[in-house]
Amino acid sequence: LSPKLPGEPTGILAKGPNQAEMITSSGAVYTTENAGRNWKAQVKETIDATLNRVSASGVSGASYFTGSIVNEQRDSQGSYIAVSSRGNFFLTWEPGQDFWIPHNRGTSRRIQNMGFVRGEIKNGLWMTLNGGKLLVSVAKDGEAIDLQSEEFPFEEANIKTGGYGITDVAWRDDDEVWAVGGSNTMYVSKDNGKNFQFDKSANDIPGNLYNVKFFPDYGNAGWALGSSGLLLQYVGEKA
């Protein structure tokens, strides 16, 4: 890779024989079709240049952008979501776009993490905030989320975390949603993320939970990853 590469590589995905896609901490997306010998840029404009161009439109926190993004997530169609390193705002990018689109977070609290509803950006987005808040923006009436909009219709989920931060959220199916967070807290929703109840599966295990994920291609197997090598397997209500 060129030493002039903007940012540090933060993720790479194999897409087929000799094909891969890479994203950097500056939001640059590259693809290769010859096993990495040559890379082609997919984003034509840097995030800094985009923010300078659209700052007058009122993206809150854009002036504090430090040049890097965190928590980059990619859906199966190649769309990305990322959070500014300070948590002031978030950005989305879809294949074919020349630049990332910045979006207001719609709240005074800093963004902690973000992701896709049921793994696809077209289904909606979720956002966790400092203080244990969870916001969900679900596509209505089968219409995909408008990624051109500066603000999203987020609704706050009914979840009582006691102030513990939520680190990750995952949809098991259209209705069942799991959230994990600090002090090994777990919560489950059976109504598509509107209301959550505390789950005691990790009650007696010290530490924190960082990730939760379900794999539809493998029988919808579910796993939660935590500190000190903790790995929890989803077994359902029969346990």
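The exercises below, each with a worked solution, concern a predicted model.

**Exercise 1. Determine the strand order of the open sheet that contains β13, and state which strands stand at its edges.**

Solution.
Step 1. The sheet is open and has four strands, in the order β13-β14-β15-β16, with antiparallel pairing.
Step 2. β13 (166-171) and β16 (197-199) each have a single partner strand, so they are the edges, and one side of each lacks a neighbour in the sheet.
Step 3. Direction ignored, neighbouring strands here are turned by 25° against each other on average.
Step 4. Inside the sheet, β14 (residues 177-181) pairs with β15 (residues 185-189) over five bridges in the antiparallel sense. Ala179 has Tyr187 of β15 as its bridge partner.

**Exercise 2. Describe the surroundings of strand β10: is the strand buried or exposed, and which strands pair with β10?**

Solution.
Step 1. β10 covers residues 124-129, and six of its six residues are buried.
Step 2. In a regular strand, side chains alternate between the two faces of the sheet. In β10, Gly124, Trp126 and Thr128 point one way, while Leu125, Met127 and Leu129 point the other way; the residues of both sets are buried.
Step 3. One partner is β9, which pairs with β10 in the antiparallel sense over five bridges. Met114 has its bridge partner in β10, namely Met127.
Step 4. Another partner is β11 (residues 133-138), also antiparallel, over six bridges. Here Gly124 stands opposite Val138.
Step 5. β10 and β11 make a hairpin with three residues between the strands. Gly131, in the turn, has a positive phi of about 90°.

**Exercise 3. Characterise the aromatic cluster that includes Tyr80.**

Solution.
Step 1. Searching the whole structure gives nine aromatic pairs.
Step 2. For Tyr80 and Trp93, the ring centres are 6.2 Å apart and the planes are at 40°, so this pair is tilted. Tyr80 belongs to β6 (residues 80-84) and Trp93 to β7 (residues 89-93), so the pair ties together parts 13 residues apart in sequence. Both residues are buried.
Step 3. Tyr80 and Trp100 form another tilted pair, with 6.4 Å centre to centre and 50° between the planes. Trp100 lies in the loop between β7 and β8 (101-104), 20 residues from Tyr80. Trp100 is buried, as is Tyr80.
Step 4. Tyr80, Trp93 and Trp100 thus belong to one aromatic cluster.

**Exercise 4. Describe the largest pocket and the second largest pocket by volume and lining.**

Solution.
Step 1. The largest pocket holds about 1,200 Å³ of space. It is lined by 38 residues, and the closest to its centre are Gln73, Arg74, Phe116, Gly119 and Lys213.
Step 2. Elements giving two or more residues to this lining are β1 (9-16), β2 (19-24), β5 (69-74), β9 (111-116), β13 and β17 (209-215). β17 gives the most, six residues.
Step 3. By class, the lining of the largest pocket has 16 nonpolar, 11 polar and 11 charged residues.
Step 4. The second largest pocket has a volume of about 410 Å³. Of its 20 lining residues, Trp178, Ser201, Tyr234, Val235 and Gly236 are the closest to its centre.
Step 5. β15, β17, β18 (221-226) and β19 (231-233) each give two or more residues to the lining of the second largest pocket. The largest share, three residues, comes from β18.
Step 6. The lining of the second largest pocket divides into 11 nonpolar, four polar and five charged residues.

Definitions and conventions: Residues numbered from 1 in each chain as written. Predicted model: local features only at pLDDT ≥ 70, side-chain atom pairs only at ≥ 80, totals over all residues. Heavy atoms only, no water. Pairing = 2+ DSSP bridges. Axes fitted to C-alpha atoms, helices over the stretch in contact; angles between N-to-C directions. 1 Å grid on protein atoms, 1.4 Å probe; cavity = no way out; pocket = protein on both sides within 12 Å on 5 of 7 lines; lining within 4 Å. Points joined across faces, edges and corners; volume = space filled by probe spheres on them. Nonpolar A, V, L, I, M, F, W, Y, C, P; charged D, E, K, R; others polar. Buried < 20%, exposed > 50% of the residue type's maximum accessible area, 1.4 Å probe, protein only. Phe/Tyr/Trp six-rings, centres within 6.5 Å; stacked < 30°, edge-to-face > 60°.
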